[in-house]
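Please open the model in your viewer and keep the sequence panel beside it. The tour below goes from one selection to the next and says what is to be found at each stop.

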Amino acid sequence: MRDGLISVFHVISSVQFAVSVYYDYTYVVIPSHVTKMHNAYGGKFKFLTFWDAIIQAVFFLICSLNDWFGTNAVSPKKPPFLRKLKDFMHAVFSFPVAMFVGVTFWSLMFVDRELVFPKAIDPYFPWWLNHLMHTMIMVSTLLETILTPRKYPSRAKGVSGHCLFLLAYLIWMHIIYYKSGIWVYPVMEVLSTPARIVFLSTMFLFSTMFYFMGETLDNFVWGKTVTSGKNHKRKKLQ
């Protein structure tokens, strides 16, 4: 029964994020007179939120495939490829990126929404899509952490993998600015160059912090011996 509910959760999560990506890419068209940013170089792929929705759709698809053809055992001796891929994606991409996008977005919205999601966009960007892409990403990844166990990669592999992802997006964001003269996020426009460097460095560290938060949460829920991949199990997991 529990395995069936988990499988349903994974399918629903994958579908909801796939629909979000499809709807945003196909139907959300924001006129240039409202904001030039959305129609500038890079299209939808300018935004980390869009990247993250794709990551979540793919991740939960892999979770579903692992439900059917892999294993959700607490500490399998020889985990199949799907389980290894699922665990790595959760640790390096799914959890930290989802939490970073959600927490950063809503924090900036609370301070001044014009810096991240101008009110003029509301008629073109449905509220339910906003919550799927900025709220449900956090809810889904937290539920996944609680519902299924995983083996975290080594710190060196996990942190370096996450940092490489952040570096790739940071470079992409500057390519967009070079090509279009427009910063992806309005908050960048109001910052001086030194302040921008401090802001981006802080965001880089803030996102990396969520990697360690995910690992800590896993340790709390499932036990350190499980997340570190050791063969023996804690008594509470037997």
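Begin inside the protein, where the largest cavity holds about 620 Å³ of space; please keep in mind throughout that this is a predicted model. The structure holds one cavity of 30 Å³ or more. To find it, select Leu-48, Thr-49, Phe-100, Tyr-169 and Tyr-185, which are the closest to the centre of the largest cavity among the 32 residues that line it. If you then colour the chain by element, you can pick out the helices that give two or more residues to this lining, namely H2, helix H3 (81–112), H4, helix H6 (155–180) and helix H7 (193–222). Colouring by residue class instead shows a lining made up of 25 nonpolar, five polar and two charged residues.

Next, turn to the packing of nonpolar side chains. Select Phe-117, Phe-125 and Met-188, the residues with the most contacts inside the largest nonpolar core, which has 49 residues. Each of H1, H2, H3, H4, helix H5 (136–147), H6 and H7 supplies at least two residues of this core, and the largest share, ten residues, comes from H3. Before leaving this part of the model, select Val-92, Tyr-152, Val-159 and Tyr-211, which are included in a second, separate core of five residues.

Now go back to Phe-125 and display what surrounds it. Apart from residues up to four places away in sequence, Phe-125 touches Asp-24, Val-28, Phe-117, Asn-130 and Met-133. Keep Asp-24 and Val-28 on display, and add Leu-129, which is placed in helix H4 (residues 127–134). Leaving aside neighbours within four places in sequence, Leu-129 is in contact with Ser-20, Tyr-23, Asp-24 and Val-28. A distance drawn between the C-alpha atoms of Leu-129 and Val-28 should read 9.8 Å, although 101 residues separate the two in sequence. Is Leu-129 buried or exposed? Leu-129 counts as buried because its relative accessibility is 0%.

From Val-28, move on to Lys-44, in the loop between helix H1 (2–27) and helix H2 (48–69). The side chain of Lys-44 reaches the backbone oxygen of Val-28 at 2.7 Å, and, with neighbours within four places in sequence set aside, Lys-44 is in contact with Asp-24, Tyr-25, Val-28 and Phe-50. With a relative accessible area of 13%, Lys-44 is buried, since the cut-off for that term is under 20%.

Select Gly-43 next, also found in the loop between H1 and H2. Gly-43 has a relative accessible area of 27% and is therefore partly exposed. Which distance separates the C-alpha atoms of Gly-43 and Ile-176? They are separated by 9.8 Å, while the two residues are 133 residues apart along the chain.

For the last stop, select Ile-121, which lies in the loop between H3 and H4. Ile-121 is buried, its relative accessible area being 1%. Not counting residues up to four places away in sequence, Ile-121 touches Ile-30, Val-34, Thr-35 and His-38. To end, draw a C-alpha to C-alpha distance from Ile-121 to His-38, which are 83 residues apart in sequence and 9.9 Å apart in space.

Conventions
Residues are numbered from 1 along each chain as its sequence is written. This is a predicted model: local features need pLDDT of at least 70, side-chain atom pairs count only at pLDDT 80 or more; totals for chains, interfaces and linings use all residues. Side-chain values use heavy atoms; hydrogens and water are left out. Helices (H or I, at least four residues) and strands (E, at least two) are DSSP runs, numbered from the N terminus. Buried means under 20% relative accessible area, exposed over 50%, partly exposed in between (1.4 Å probe, protein chains only). Contact means heavy atoms within 4.5 Å. A polar contact is a pair of N or O atoms within 3.5 Å; within protein, one must be able to donate a hydrogen and the other to accept it, and residues adjacent in sequence count only if both atoms are side-chain atoms. On a 1 Å grid over the protein atoms alone, a cavity is a set of points where a 1.4 Å probe fits but cannot get out, and a pocket is an open set with protein on both sides within 12 Å along at least five of seven lines; lining residues have an atom within 4 Å of a point. Grid points are joined across faces, edges and corners, and a volume is the space filled by probe spheres set on the points. Ala, Val, Leu, Ile, Met, Phe, Trp, Tyr, Cys and Pro count as nonpolar, Asp, Glu, Lys and Arg as charged, and the others, Gly among them, as polar. A nonpolar core is a set of buried Ala, Val, Leu, Ile, Met, Phe, Trp, Tyr and Cys residues joined through side-chain atoms within 4.5 Å.
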